[in-house]
Amino acid sequence: MEITRRDFLKGSLLLGGSLFLSPISLCARQKKGGEWHPAYERLEQEGTLAQRVEQAYAIFENCELCPRQCGVNRQNGERGFCRGPARPMIYSAHPHFGEEISLVGKNGSGTIFFSNCNLRCVFCQNWPISHEGKGKKVNDEDLADMMIYLQKTGCHNINVVTPTHVMPNILGATRIALKKGLRLPLVYNTSGYERLEILKILDGIVDIYLPDMKYMDADHAAKYSAGAADYPEVAKRALIEMNRQVGELQIDKRGIATRGLMIRHLVMPNRVAGTEKFVKWLAESLPKSTYVNIMPQYRVEYEAFNYPKIARGITVQEFLEAMEWAENYGLTNLDPRSVAARNFYSQRRSG
Ligand code: SF4
(Lines give C-alpha, C1' and ligand atoms only; values in the text may rest on other atoms or scores of the structure.)
Protein backbone atom coordinates (compact mmCIF):
# COMPACT_ATOMS: atom_id res chain seq x y z
CA MET A 1 0.00 0.00 0.00
CA GLU A 2 1.36 3.42 -0.92
CA ILE A 3 0.33 6.80 0.40
CA THR A 4 1.18 10.30 -0.67
CA ARG A 5 2.87 12.81 1.57
CA ARG A 6 -0.30 14.88 1.69
CA ASP A 7 -2.43 11.87 2.69
CA PHE A 8 0.02 10.95 5.36
CA LEU A 9 0.23 14.34 6.97
CA LYS A 10 -3.47 15.08 6.57
CA GLY A 11 -4.61 11.83 8.06
CA SER A 12 -2.21 12.07 10.99
CA LEU A 13 1.13 10.58 11.51
CA LEU A 14 -0.33 7.61 13.19
CA LEU A 15 -1.06 4.17 12.14
CA GLY A 16 -0.52 2.83 15.60
CA GLY A 17 -3.25 4.72 17.42
CA SER A 18 -1.04 7.29 19.13
CA LEU A 19 -2.10 10.80 19.98
CA PHE A 20 -2.06 13.40 17.26
CA LEU A 21 -0.55 16.73 18.20
CA SER A 22 -1.15 19.77 16.04
CA PRO A 23 1.96 21.08 14.30
CA ILE A 24 1.09 24.54 15.60
CA SER A 25 0.65 23.48 19.20
CA LEU A 26 4.25 23.85 20.22
CA CYS A 27 7.25 25.43 18.70
CA ALA A 28 10.50 23.59 18.46
CA ARG A 29 12.54 24.36 21.51
CA GLN A 30 15.81 24.67 19.75
CA LYS A 31 17.58 27.82 20.85
CA LYS A 32 17.45 30.38 18.07
CA GLY A 33 20.96 31.35 17.17
CA GLY A 34 22.26 28.90 19.79
CA GLU A 35 25.59 27.16 19.40
CA TRP A 36 24.31 23.62 19.07
CA HIS A 37 24.10 22.16 15.57
CA PRO A 38 23.30 18.62 14.50
CA ALA A 39 26.19 16.56 13.21
CA TYR A 40 24.64 16.12 9.74
CA GLU A 41 24.52 19.90 9.26
CA ARG A 42 28.27 20.11 9.59
CA LEU A 43 28.72 17.27 7.13
CA GLU A 44 26.50 19.05 4.62
CA GLN A 45 28.54 22.23 5.05
CA GLU A 46 31.68 20.20 4.37
CA GLY A 47 30.02 18.96 1.17
CA THR A 48 30.13 15.25 2.07
CA LEU A 49 26.58 14.44 3.15
CA ALA A 50 25.38 13.92 -0.45
CA GLN A 51 28.22 11.46 -1.06
CA ARG A 52 27.27 9.49 2.01
CA VAL A 53 23.66 9.28 0.83
CA GLU A 54 24.83 8.03 -2.55
CA GLN A 55 27.22 5.54 -0.96
CA ALA A 56 24.42 4.21 1.25
CA TYR A 57 21.94 3.88 -1.59
CA ALA A 58 24.41 1.90 -3.70
CA ILE A 59 24.33 -0.85 -1.03
CA PHE A 60 20.67 -1.57 -1.81
CA GLU A 61 21.75 -3.14 -5.10
CA ASN A 62 23.62 -5.92 -3.31
CA CYS A 63 22.25 -5.54 0.19
CA GLU A 64 24.85 -5.89 2.90
CA LEU A 65 23.36 -3.28 5.20
CA CYS A 66 23.43 -5.66 8.14
CA PRO A 67 25.39 -8.75 9.20
CA ARG A 68 22.90 -11.03 7.41
CA GLN A 69 24.54 -9.80 4.16
CA CYS A 70 21.78 -11.25 1.96
CA GLY A 71 23.21 -9.82 -1.25
CA VAL A 72 19.77 -9.20 -2.78
CA ASN A 73 19.04 -6.31 -5.12
CA ARG A 74 16.40 -4.38 -3.21
CA GLN A 75 16.23 -1.71 -5.91
CA ASN A 76 14.91 -4.44 -8.23
CA GLY A 77 12.27 -5.53 -5.75
CA GLU A 78 14.14 -8.45 -4.21
CA ARG A 79 13.69 -8.94 -0.49
CA GLY A 80 16.19 -10.33 1.97
CA PHE A 81 15.86 -11.70 5.50
CA CYS A 82 14.37 -8.43 6.81
CA ARG A 83 11.71 -8.47 4.05
CA GLY A 84 12.15 -4.73 3.66
CA PRO A 85 11.68 -3.09 0.26
CA ALA A 86 13.98 -0.35 -1.00
CA ARG A 87 11.50 2.27 0.15
CA PRO A 88 10.78 2.71 3.84
CA MET A 89 7.68 1.24 5.41
CA ILE A 90 6.49 3.27 8.37
CA TYR A 91 4.15 2.19 11.13
CA SER A 92 3.92 5.47 13.04
CA ALA A 93 5.61 8.81 13.61
CA HIS A 94 4.73 10.74 16.73
CA PRO A 95 6.01 12.37 19.91
CA HIS A 96 6.82 9.49 22.27
CA PHE A 97 6.95 9.86 26.03
CA GLY A 98 8.08 6.34 26.94
CA GLU A 99 11.75 6.75 26.10
CA GLU A 100 14.59 7.74 28.44
CA ILE A 101 14.05 11.00 30.35
CA SER A 102 16.79 12.89 28.51
CA LEU A 103 15.22 12.00 25.16
CA VAL A 104 11.65 12.77 26.18
CA GLY A 105 12.07 16.12 27.96
CA LYS A 106 8.86 18.13 28.04
CA ASN A 107 7.70 17.59 24.49
CA GLY A 108 8.60 14.03 23.69
CA SER A 109 10.99 12.15 21.48
CA GLY A 110 10.11 12.39 17.77
CA THR A 111 9.82 8.69 17.18
CA ILE A 112 9.52 7.11 13.73
CA PHE A 113 8.82 3.36 13.80
CA PHE A 114 10.01 1.49 10.71
CA SER A 115 8.34 -1.76 9.69
CA ASN A 116 10.30 -5.02 9.27
CA CYS A 117 13.52 -5.93 11.07
CA ASN A 118 16.86 -7.61 10.41
CA LEU A 119 17.02 -9.42 13.77
CA ARG A 120 13.49 -10.72 14.45
CA CYS A 121 13.62 -11.90 18.07
CA VAL A 122 11.09 -14.46 19.30
CA PHE A 123 10.19 -12.18 22.23
CA CYS A 124 9.72 -9.05 20.10
CA GLN A 125 7.40 -6.51 21.74
CA ASN A 126 6.72 -4.80 18.39
CA TRP A 127 6.04 -7.99 16.45
CA PRO A 128 3.13 -6.69 14.32
CA ILE A 129 5.52 -4.02 13.04
CA SER A 130 8.83 -5.85 13.00
CA HIS A 131 7.76 -9.39 12.07
CA GLU A 132 4.57 -8.86 10.12
CA GLY A 133 5.70 -5.63 8.47
CA LYS A 134 2.53 -3.68 9.17
CA GLY A 135 2.91 -0.14 7.91
CA LYS A 136 2.74 2.06 4.86
CA LYS A 137 5.28 2.66 2.16
CA VAL A 138 6.57 6.21 1.81
CA ASN A 139 9.42 7.91 -0.02
CA ASP A 140 12.32 9.97 1.29
CA GLU A 141 10.44 13.23 0.75
CA ASP A 142 7.55 11.96 2.89
CA LEU A 143 9.98 10.82 5.56
CA ALA A 144 11.65 14.24 5.56
CA ASP A 145 8.27 15.91 6.03
CA MET A 146 7.57 13.69 9.02
CA MET A 147 10.86 14.81 10.55
CA ILE A 148 9.92 18.45 10.01
CA TYR A 149 6.48 17.84 11.47
CA LEU A 150 7.99 16.26 14.59
CA GLN A 151 10.29 19.24 15.00
CA LYS A 152 7.31 21.58 14.72
CA THR A 153 5.47 19.73 17.47
CA GLY A 154 8.38 20.54 19.76
CA CYS A 155 10.03 17.11 19.87
CA HIS A 156 13.60 17.18 21.12
CA ASN A 157 15.05 14.75 18.60
CA ILE A 158 14.30 12.51 15.63
CA ASN A 159 14.33 8.97 16.97
CA VAL A 160 14.51 6.37 14.17
CA VAL A 161 13.46 2.98 15.55
CA THR A 162 14.73 -0.20 13.82
CA PRO A 163 16.69 1.83 11.27
CA THR A 164 19.31 -0.65 10.03
CA HIS A 165 17.55 -1.99 6.94
CA VAL A 166 16.37 1.50 5.86
CA MET A 167 19.53 3.45 6.66
CA PRO A 168 19.91 4.83 3.09
CA ASN A 169 16.37 6.22 3.19
CA ILE A 170 16.99 7.81 6.58
CA LEU A 171 20.12 9.52 5.29
CA GLY A 172 18.34 10.71 2.14
CA ALA A 173 15.41 12.04 4.15
CA THR A 174 17.64 13.72 6.72
CA ARG A 175 19.40 15.65 3.95
CA ILE A 176 16.08 16.76 2.47
CA ALA A 177 14.78 17.72 5.92
CA LEU A 178 17.98 19.64 6.69
CA LYS A 179 17.29 21.82 3.67
CA LYS A 180 13.78 22.39 5.03
CA GLY A 181 15.10 23.49 8.41
CA LEU A 182 15.60 20.32 10.48
CA ARG A 183 17.95 21.03 13.35
CA LEU A 184 17.28 18.22 15.84
CA PRO A 185 19.65 15.48 17.01
CA LEU A 186 19.28 12.24 15.06
CA VAL A 187 18.85 9.27 17.42
CA TYR A 188 19.79 5.90 15.92
CA ASN A 189 17.65 3.45 17.91
CA THR A 190 19.01 0.04 16.93
CA SER A 191 19.15 -3.59 18.09
CA GLY A 192 22.94 -3.30 18.01
CA TYR A 193 23.19 -5.82 15.17
CA GLU A 194 25.22 -3.47 13.00
CA ARG A 195 28.19 -3.90 10.67
CA LEU A 196 31.23 -1.72 11.28
CA GLU A 197 31.44 -0.80 7.59
CA ILE A 198 27.90 0.54 7.70
CA LEU A 199 28.41 2.43 10.95
CA LYS A 200 31.34 4.24 9.36
CA ILE A 201 28.95 5.70 6.78
CA LEU A 202 26.96 7.12 9.68
CA ASP A 203 30.00 8.75 11.26
CA GLY A 204 29.30 12.48 11.46
CA ILE A 205 25.58 12.06 10.73
CA VAL A 206 24.17 10.43 13.85
CA ASP A 207 24.21 12.51 17.03
CA ILE A 208 22.97 9.92 19.49
CA TYR A 209 23.36 6.16 19.26
CA LEU A 210 20.76 4.20 21.23
CA PRO A 211 21.73 0.54 20.78
CA ASP A 212 20.56 -2.54 22.64
CA MET A 213 22.97 -5.08 24.01
CA LYS A 214 20.70 -8.10 24.04
CA TYR A 215 22.88 -11.12 24.75
CA MET A 216 26.46 -12.07 25.53
CA ASP A 217 26.05 -15.71 24.60
CA ALA A 218 26.09 -16.92 20.98
CA ASP A 219 23.74 -19.85 21.65
CA HIS A 220 21.10 -17.59 23.17
CA ALA A 221 21.44 -15.11 20.33
CA ALA A 222 21.03 -17.89 17.76
CA LYS A 223 18.08 -19.44 19.54
CA TYR A 224 16.09 -16.31 20.25
CA SER A 225 17.12 -14.06 17.35
CA ALA A 226 16.73 -16.15 14.22
CA GLY A 227 20.15 -17.76 14.09
CA ALA A 228 22.18 -14.62 14.77
CA ALA A 229 24.93 -16.45 16.67
CA ASP A 230 27.36 -13.65 15.85
CA TYR A 231 25.22 -11.06 17.66
CA PRO A 232 27.38 -10.74 20.82
CA GLU A 233 30.63 -10.17 18.93
CA VAL A 234 28.99 -7.96 16.30
CA ALA A 235 27.22 -5.82 18.89
CA LYS A 236 30.33 -5.44 21.06
CA ARG A 237 32.31 -4.14 18.07
CA ALA A 238 29.43 -1.87 17.13
CA LEU A 239 29.21 -0.33 20.61
CA ILE A 240 32.92 0.43 20.62
CA GLU A 241 32.63 2.10 17.21
CA MET A 242 29.59 4.11 18.30
CA ASN A 243 31.47 5.31 21.35
CA ARG A 244 34.40 6.32 19.14
CA GLN A 245 32.07 8.39 16.98
CA VAL A 246 29.90 10.19 19.52
CA GLY A 247 31.51 9.60 22.92
CA GLU A 248 29.79 9.83 26.25
CA LEU A 249 26.30 11.20 26.64
CA GLN A 250 26.02 14.99 26.61
CA ILE A 251 23.05 16.73 28.17
CA ASP A 252 22.15 20.41 27.74
CA LYS A 253 20.89 22.85 30.35
CA ARG A 254 17.32 21.68 29.86
CA GLY A 255 18.34 18.08 30.63
CA ILE A 256 17.98 17.10 26.97
CA ALA A 257 20.41 14.68 25.32
CA THR A 258 22.30 16.29 22.44
CA ARG A 259 25.01 13.76 21.61
CA GLY A 260 26.53 10.52 22.79
CA LEU A 261 26.04 6.82 23.37
CA MET A 262 23.08 5.46 25.35
CA ILE A 263 23.08 1.67 25.78
CA ARG A 264 19.96 -0.35 26.61
CA HIS A 265 20.13 -3.77 28.21
CA LEU A 266 16.94 -5.71 28.86
CA VAL A 267 17.23 -8.08 31.82
CA MET A 268 15.82 -11.47 30.80
CA PRO A 269 14.64 -14.40 32.92
CA ASN A 270 17.10 -17.12 33.85
CA ARG A 271 20.07 -14.83 33.09
CA VAL A 272 19.54 -15.30 29.34
CA ALA A 273 20.77 -11.76 28.59
CA GLY A 274 24.13 -12.44 30.28
CA THR A 275 23.93 -9.26 32.32
CA GLU A 276 26.98 -9.91 34.49
CA LYS A 277 29.15 -10.64 31.45
CA PHE A 278 27.80 -7.54 29.74
CA VAL A 279 28.56 -5.09 32.54
CA LYS A 280 31.98 -6.65 33.07
CA TRP A 281 32.77 -6.30 29.37
CA LEU A 282 31.50 -2.72 29.34
CA ALA A 283 33.56 -1.74 32.37
CA GLU A 284 36.67 -3.12 30.65
CA SER A 285 35.98 -1.86 27.12
CA LEU A 286 34.24 1.52 27.41
CA PRO A 287 34.35 4.41 29.89
CA LYS A 288 32.64 3.43 33.14
CA SER A 289 30.66 6.64 32.85
CA THR A 290 28.94 5.37 29.68
CA TYR A 291 25.18 5.77 30.03
CA VAL A 292 23.47 2.39 30.53
CA ASN A 293 19.80 1.61 30.99
CA ILE A 294 19.37 -1.75 32.76
CA MET A 295 15.72 -2.37 31.93
CA PRO A 296 13.32 -4.51 33.99
CA GLN A 297 10.34 -4.51 31.60
CA TYR A 298 10.76 -7.88 29.87
CA ARG A 299 7.35 -9.27 28.85
CA VAL A 300 6.44 -12.62 27.34
CA GLU A 301 5.49 -11.57 23.82
CA TYR A 302 5.10 -13.05 20.37
CA GLU A 303 6.58 -16.60 20.37
CA ALA A 304 8.36 -16.42 23.72
CA PHE A 305 5.69 -18.70 25.20
CA ASN A 306 7.26 -21.55 23.25
CA TYR A 307 10.68 -21.16 24.87
CA PRO A 308 10.60 -22.34 28.52
CA LYS A 309 13.59 -20.27 29.69
CA ILE A 310 12.02 -16.98 28.61
CA ALA A 311 8.34 -17.85 29.06
CA ARG A 312 7.95 -15.74 32.20
CA GLY A 313 8.67 -12.21 33.36
CA ILE A 314 11.74 -11.49 35.45
CA THR A 315 11.70 -11.66 39.22
CA VAL A 316 12.59 -8.81 41.57
CA GLN A 317 15.70 -10.79 42.51
CA GLU A 318 16.81 -10.98 38.86
CA PHE A 319 16.49 -7.22 38.45
CA LEU A 320 18.25 -6.47 41.73
CA GLU A 321 21.19 -8.76 40.94
CA ALA A 322 21.55 -7.09 37.53
CA MET A 323 21.75 -3.64 39.13
CA GLU A 324 24.14 -4.91 41.75
CA TRP A 325 26.49 -6.31 39.09
CA ALA A 326 26.41 -2.99 37.24
CA GLU A 327 27.36 -1.12 40.37
CA ASN A 328 29.93 -3.66 41.50
CA TYR A 329 31.73 -3.37 38.16
CA GLY A 330 31.86 0.38 38.69
CA LEU A 331 29.36 1.70 36.15
CA THR A 332 28.54 5.24 37.20
CA ASN A 333 25.92 6.46 34.72
CA LEU A 334 22.96 4.16 35.16
CA ASP A 335 19.52 5.28 34.03
CA PRO A 336 17.88 7.17 36.93
CA ARG A 337 14.59 5.33 36.64
CA SER A 338 16.34 1.97 36.93
CA VAL A 339 18.20 3.24 39.99
CA ALA A 340 14.89 4.45 41.49
CA ALA A 341 13.28 1.06 40.79
CA ARG A 342 16.24 -0.69 42.41
CA ASN A 343 15.94 1.56 45.47
CA PHE A 344 12.21 0.97 45.68
CA TYR A 345 12.48 -2.82 45.55
CA SER A 346 15.47 -2.90 47.90
CA GLN A 347 13.64 -0.85 50.50
CA ARG A 348 10.52 -2.96 50.18
CA ARG A 349 12.56 -6.10 50.74
CA SER A 350 14.35 -4.78 53.78
CA GLY A 351 11.23 -3.07 55.20
S1 SF4 B 1 19.16 -5.19 5.59
FE2 SF4 B 1 17.74 -6.88 5.05
S3 SF4 B 1 18.23 -7.47 2.95
FE4 SF4 B 1 19.92 -6.22 3.71
S5 SF4 B 1 21.44 -7.67 4.49
FE6 SF4 B 1 20.15 -7.09 6.23
S7 SF4 B 1 18.47 -8.59 6.31
FE8 SF4 B 1 19.47 -8.76 4.29
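Here are some short exercises with worked solutions on this predicted model.

**Exercise 1. Overall build**

Find how many helices and strands the protein has, and decide how its radius of gyration sits against the globule rule.

*Solution.* Start with the secondary structure: there are 13 helices and ten strands. Next, take the radius of gyration, which is 20 Å. For 351 residues the globule rule gives 20 Å, and the two values are close, so the protein is as compact as a globular protein of that length. To finish, look at the extent of the C-alpha trace: along the principal axes of the protein it spans about 55 × 45 × 40 Å.

**Exercise 2. Around the ligand**

Work out which residues come nearest to the ligand and how its shell divides by class.

*Solution.* The ligand has 14 residues around it. Nearest among these come C63, C66, C70, G80 and C82. Now sort the shell by class: seven residues are nonpolar, five are polar and two are charged.

**Exercise 3. Helices α3 and α7**

Classify the packing of α3 on α7 from the angle between their axes, then list the residues in contact.

*Solution.* A reminder before you begin: two packed helices are described by the distance between their axes and the angle between them. Helix α3 covers residues 49-59 and helix α7 covers residues 167-179; their axes come within 8 Å and cross at roughly 155°. Angles over 145 degrees count as roughly antiparallel, and therefore α3 and α7 are roughly antiparallel to each other. The crossing of α3 past α7 is left-handed. On the α3 side the contact is made by L49, A50, R52, V53, A56, Y57 and I59, and on the α7 side by M167, P168, L171, G172 and R175. By class, this contact of α3 with α7 has nine nonpolar residues, one polar and two charged.

**Exercise 4. Helices α11 and α12**

Repeat the analysis for α11 and α12: what is their relative direction, and which residues meet?

*Solution.* The axes of α11 (residues 275-285) and α12 come within 9 Å, crossing at roughly 20°. Since angles under 35 degrees count as roughly parallel, α11 is roughly parallel to α12. Their crossing is right-handed. From α11, residues T275, E276 and V279 meet A322, W325 and A326 of α12. The contact of α11 with α12 divides into four nonpolar, one polar and one charged residues.

**Exercise 5. Helices α12 and α13**

Now pair α12 with α13 and give the orientation, the handedness and the contact residues.

*Solution.* Helix α12 (residues 316-328) and helix α13 (residues 336-350) have axes that come within 10 Å and cross at roughly 125°. The two helices are therefore oblique to each other. Here α12 passes α13 in a left-handed crossing. Helix α12 contributes V316, F319, L320 and M323 to the contact, while α13 contributes S338, R342, Y345 and S346. Five of these residues are nonpolar, two polar and one charged.

Notes:
Residues numbered from 1 in each chain as written. Predicted model: local features only at pLDDT ≥ 70, side-chain atom pairs only at ≥ 80, totals over all residues. Near = placed C-beta within 6 Å. Nonpolar A, V, L, I, M, F, W, Y, C, P; charged D, E, K, R; others polar. Axes fitted to C-alpha atoms, helices over the stretch in contact; angles between N-to-C directions. Helix = DSSP H or I, 4+ residues; strand = E, 2+ residues; numbered from the N terminus. Parallel < 35°, antiparallel > 145°, perpendicular 65-115°, else oblique. Left-handed = near helix turned anticlockwise from the far one by under 90°. Contact = placed C-beta atoms within 7 Å. Rg over C-alpha atoms; globule rule 2.2 N^0.38 Å.
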